[in-house]
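Below is a walk through one protein model, taken a piece at a time. Please keep the sequence and the structure in view while reading.

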Amino acid sequence: MLRVGLSGGIGSGKSTVAKRLADLGAVVIDSDVLAREVVAPGSDGLAAVVERFGSDVLDADGALDRPAMARRVFGDDEARAALNAIVHPRVGARTAELMEQAAEDAIVVHDVPLLVELGYAPSYHLVVIVDAPVEDRVRRLVDRGLEESDARARIRAQATEDQRREAADVWLDNSGAVDDVHAAVDALWADRLVPFEANVRLRTRPPERSPVLVEPDPEWPRTARRLLARVERAAGDAVVRADHVGSTSVPDLPAKDVVDLQLTVRSMAAADGLAEPLARAGFPVVPEIRGDNPHPVAPAPGQWAKRVHVSADPGRYANLHVRVAGGPGWRYALLFRDWLRADDDAREEYLRIKREAAQRHASNPDAYTEAKEPWFADALPRAEEWASRTGWEPPAV
């Protein structure tokens, strides 16, 4: 199934997006609903709350008095942590049950208000953040009955906009009319979520695109961090390190809008063992690619083995190169990145080669890649000379 994390600050209108996704066919699991369920009257969760906080957090009917509970924990880190220790594991267990019950071709949307604060983002194939200007959110909360000072305090207590952008694969602006956000959700569903789910389930990938160079995108490093966190979570202890490599890792360098990542492992057996975990995480393997192109100045061709996975997400093209620590391909991916970052002339030369190759092979991605290979072979000695002169070494592993 496709797992989508949905979040947004209080008053952002996240529930509007969740309802629209449910109408379109998503299986929506609402953490707020589950948080109420696990402390419902008669539950062991409510018994644990009373044991920790006392019976004065109950209303006249014996149910949890949520406003009283909120006042009790707001601004008290210890009390809030104690409440979370009771509620979160129970919500997590119930969430797992509901996910297991979903069909294998389901698009499961996990609606989690504190997704960013709790560090859940790497657990999903995609994270959608709903946002609106602070003043709009305050107005909505006041319309619901909150005091303005309370509304602003609750907004300040949550993740910042920058923290949410760090987690967001999709940023939905909900500051306009309801029809506008509905249209954005409909497009997201049809153009991205539905084909993404099929690609994950079938272990397929989006069609290759023409090699079109675009101007440097300041979001590329943030995108790489999100994807690296996702694949590291999927790969577990097999990972030695994970890096953003390739042209999108070099500031100010125009490139194809494809993020290249390198996952470092101890052996090719470990790399092959990651085929299924990475596929489940949205990175199916490309079976026909078994290694890098060897270069004569480097060790024997057999040492250039690697595995390549690609993102199944049609809205974010990415390549994941799985290489063995210390191997020549692993080393040169890091060397070229750092050399191009440091050497303006080399970077400009490489950009010229890229532009020429993209112009000649606009309809053939493979030919575009092959056209750059002679430059890489010629540039290797210069990169090595730079490494020797500057004392560059690959990271210790």
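A small detail makes a starting point: Gly54, just after helix H3, takes a positive phi of about 95°. The model in which this appears is a predicted one.

Before going further into H3, here is the overall frame. The protein has 397 residues, and 48% of them count as buried. Its C-alpha trace spans about 80 × 45 × 40 Å along the principal axes. The secondary structure comes to 15 helices and 11 strands. Taking contacts between residues at least 6 apart in sequence, 73% join residues at least 24 apart.

Back to H3, which covers residues 44–53; its buried residues are Gly45, Leu46, Ala48, Val49 and Phe53. These residues cover an arc of only 160° around the axis, which puts them on the same side of H3. The general background is that an α-helix has 3.6 residues a turn, so residues three or four places apart point the same way. What does the buried side of H3 pack against? Its partners are helix H4 (66–73) and helix H5 (77–101). On the face turned away from the buried side, H3 carries the exposed residues Asp44 and Glu51.

The loop between H5 and strand E3 holds Ala102. Is Ala102 buried or exposed? Buried means under 20% relative accessible area. Ala102 therefore counts as buried, with a relative accessibility of 15%. Apart from its neighbours within four places in sequence, Ala102 is in contact with Met1 and Val108. For a sense of distance across the model, Ala102 and Arg355 lie 253 residues apart in sequence and 47 Å apart in space, C-alpha to C-alpha.

Next come the sheets. One is an open sheet of 5 strands in the order E2-E3-E1-E4-E5, with parallel pairing. Strand E2 (27–30) and strand E5 stand at its edges with a single partner strand each, so one side of each has no neighbour in the sheet. From one strand to the next, the twist averages 25°. Within this sheet, strand E1 (residues 2–8) and strand E3 (residues 107–111) pair in the parallel sense over 5 bridges. Val4 has Val109 of E3 as its bridge partner. Helix H1 (residues 14–24) packs on this sheet and touches E1, E2, E3, E4 and E5. The direction of H1 makes about 155° with that of E1.

At the E5 edge, strand E4 (residues 126–131) runs parallel to E5 and is joined to that strand by 4 bridges. Asp131 stands opposite Asp173 in E5. Which residues of E5 lie on the covered face, and which on the uncovered one? E5 spans residues 170–173, with Val170 and Leu172 on the covered face and Trp171 and Asp173 on the uncovered face. In a regular strand, side chains alternate between the two faces of the sheet.

Another open sheet has 4 strands in the order E7-E9-E11-E10, and its pairing is mixed. Here strand E7 (241–245) and strand E10 (307–310) stand at the edges; each has a single partner strand, so one side of each is left without a neighbour in the sheet. The twist in this sheet averages 25° from one strand to the next. E7 and strand E9 (residues 259–265) pair in the antiparallel sense, over 5 bridges. Ala242 stands opposite Leu263 in E9. Helix H10 (residues 220–235) packs on this sheet, touching E7, E9 and strand E11 (318–324), and its direction makes about 35° with that of E9. Helix H13 also packs on the sheet and touches E7, E9 and E11; the direction of H13 makes about 45° with that of E7.

H13 leads on to a contact between helices. The axes of H13 (residues 328–342) and helix H14 (residues 344–360) come within 5 Å and cross at roughly 110°. That crossing angle makes H13 roughly perpendicular to H14. From H13, the contact is made by Trp339, Leu340, Arg341 and Ala342, and from H14 by Asp344, Ala346, Arg347 and Tyr350. The residues of this contact divide into 5 nonpolar, no polar and 3 charged.

Key: Residues numbered from 1 in each chain as written. Predicted model: local features only at pLDDT ≥ 70, side-chain atom pairs only at ≥ 80, totals over all residues. Heavy atoms only, no water. Buried < 20%, exposed > 50% of the residue type's maximum accessible area, 1.4 Å probe, protein only. Helix = DSSP H or I, 4+ residues; strand = E, 2+ residues; numbered from the N terminus. Arc of directions from axis to C-beta. Contact = heavy atoms within 4.5 Å. Pairing = 2+ DSSP bridges. Axes fitted to C-alpha atoms, helices over the stretch in contact; angles between N-to-C directions. Parallel < 35°, antiparallel > 145°, perpendicular 65-115°, else oblique. Nonpolar A, V, L, I, M, F, W, Y, C, P; charged D, E, K, R; others polar.
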